[in-house]
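The following exercises invite the reader to work through a molecular structure step by step. Each task is followed by its solution.

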Amino acid sequence: MFQSLIDVILPVFLVIGAGYVATRRGYFQASHVDGLMKFTQSFAIPCLLFRAIATLDLSASFDPRLLISFYTGAAACFCLGMAGARLIFKRDWEDCVAIGFCCLFSNTVLLGLPITERAYGADNLTGNYAIIAFHSPFCYGLGITVMEIVRNKGAGGIATVRSVFSAMFKNVLILGIALGFIVNLSGLWIPQAVDEALSLVIRAALPTALFALGGVLVQYRPEGDLRTIGFVCALSLMVHPALVWSMGSALKVQPDLFRSAVLNAAMAPGFNAYIFANMYGRAKRVAASSVLIATGSCILTVWLWLLILG
């Protein structure tokens, strides 16, 4: 029973913990962590996503039932997060959108990929990459669109669409995914030397990103708004995967894709949730604390979902 916790989850969180302790103790400064995060977020992980999408068997991986299951659950949690923030915690509508985004954006890359790989092997990440391919475009598209409508600056529909696309395509992860689709669909061949170079960078991507994530979490302090933060954690860690489980079971998603969908849904909010809150200056304390507390809570909740998945 405890073997999955030891073999799958703890190694991932030990790397995060090492980054946290090293930064907390002063061995790594904030500038060092920023450099690691810049390398992973702006270079290594986009390379990983580019190569994964470029070499993906699209006919086998993009099962509509998988995407419907995952993103219906994500959108439902976004709506529940906004409704709860408004009706239960009496936040204003802009705060509600930022809180809903925390419930929407799972950490599919830094947590979902390594945990699924350790649980089921590198050959069972097809569902992960299919989800990741649409994750940032879907989440940012939904969150920015709703926020711009709520803010109602009178700029009109065209300006809102322009704002959405501008924010999305400044995201390097989305650009890496888009280039991967171009290579895949065009049939272009990646030269062997380039592919080997990509492989070298990719091998450093996830461990470096996990270590840097630990350093980033030092900046976050769990303070205030604890009921709201607990609400966000419950939706992210339990309700989202439960909804995906129900939808995936009803739609009969094939087992390997089903496991990827449920596990990715069970991940804590990514720090993109804080980036979104910071971008609009709304509910920043809730977003930062939710990322920290939910990431720590993942140790137990992901173990629970792994046991349920068998």
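## Exercise 1: Salt bridges around Arg-282

In this predicted model, the side chains of Glu-94 and Arg-282 meet in a salt bridge, with 3.9 Å from N to O.

Task. Determine which parts of the chain this salt bridge links, and which other residues belong to the network.

Solution.

Step 1. Locate the partners: Glu-94 lies in helix H5, and Arg-282 in the loop between H13 and H14. The pair links distant parts of the chain, 188 residues apart.

Step 2. Consider accessibility. Glu-94 has a relative accessible area of 21%; because buried means under 20%, Glu-94 is partly exposed.

Step 3. Look for a further partner. Arg-282 also forms a salt bridge with Asp-92, where the closest N and O atoms are 2.3 Å apart. Asp-92 is in the loop between helix H4 (64-87) and H5, so this pair ties together parts that are 190 residues apart in sequence. With a relative accessible area of 34%, Asp-92 is partly exposed.

Step 4. Examine Arg-91, which forms a salt bridge with Asp-95 at 3.1 Å between the closest N and O atoms. Arg-91 counts as buried at 15% relative accessibility, and Asp-95 counts as buried at 10%.

Step 5. Assemble the network: salt bridges link Arg-91, Asp-92, Glu-94, Asp-95, Asp-225, Arg-282 and Arg-285. The count for the model comes to eight salt bridges.

## Exercise 2: The setting of helix H6

Task. Establish whether Thr-108 is buried or exposed, and describe the helix in which Thr-108 lies.

Solution.

Step 1. Thr-108 has a relative accessible area of 3%, which is under the 20% limit, so the residue is buried.

Step 2. Thr-108 belongs to helix H6, residues 108-120. Of the 13 residues of H6, 10 are buried, so the helix is largely enclosed by the rest of the structure. Among the buried residues are Val-109, Gly-112, Pro-114 and Tyr-120.

Step 3. Compare the span with that of a straight helix. A straight helix of 13 residues would span 18 Å, whereas H6 spans only 15 Å between its end C-alpha atoms.

Step 4. List the surroundings of Thr-108. Leaving aside residues up to four places away in sequence, Thr-108 touches Phe-70, Leu-113, Ile-131, Ile-132, His-135 and Asn-264. With His-135 there is a polar contact between side chains, at 3.5 Å.

Step 5. Turn to the far end of the helix. The charged end of Arg-259 sits over the ring of Tyr-120, 4.3 Å from the ring centre. H6 is followed by Gly-121, which has a positive phi near 95°.

## Exercise 3: Aromatic pairs

Task. Classify the pair formed by Phe-101 and Tyr-140, and state which helices the pair joins.

Solution.

Step 1. The count comes to 11 aromatic pairs. In the pair of Phe-101 and Tyr-140, the ring centres are 5.6 Å apart and the planes stand at 50°, so the pair is tilted.

Step 2. Phe-101 is in helix H5 (residues 93-104) and Tyr-140 in helix H7 (residues 126-151), so the pair ties together parts that are 39 residues apart in sequence.

Step 3. Phe-101 is buried at 0% relative accessible area, and Tyr-140 is buried at 7%.

Step 4. Place the pair in its wider group: Phe-101, Phe-105, Tyr-140, Phe-276 and Tyr-280 form one aromatic cluster.

Terms used
Residues are numbered from 1 along each chain as its sequence is written. This is a predicted model: local features need pLDDT of at least 70, side-chain atom pairs count only at pLDDT 80 or more; totals for chains, interfaces and linings use all residues. Side-chain values use heavy atoms; hydrogens and water are left out. Helices (H or I, at least four residues) and strands (E, at least two) are DSSP runs, numbered from the N terminus. Buried means under 20% relative accessible area, exposed over 50%, partly exposed in between (1.4 Å probe, protein chains only). A polar contact is a pair of N or O atoms within 3.5 Å; within protein, one must be able to donate a hydrogen and the other to accept it, and residues adjacent in sequence count only if both atoms are side-chain atoms. Contact means heavy atoms within 4.5 Å. The expected span of a helix is 1.5 Å times one less than its number of residues. Rings of Phe, Tyr and Trp (its six-membered ring) pair if their centres lie within 6.5 Å; planes under 30 degrees apart count as stacked, over 60 as edge-to-face and the rest as tilted. A charge sits over a ring if NZ of Lys or CZ of Arg is within 6 Å of the ring centre and within 35 degrees of the ring normal. A salt bridge is a side-chain nitrogen of Lys or Arg within 4 Å of a carboxyl oxygen of Asp or Glu.
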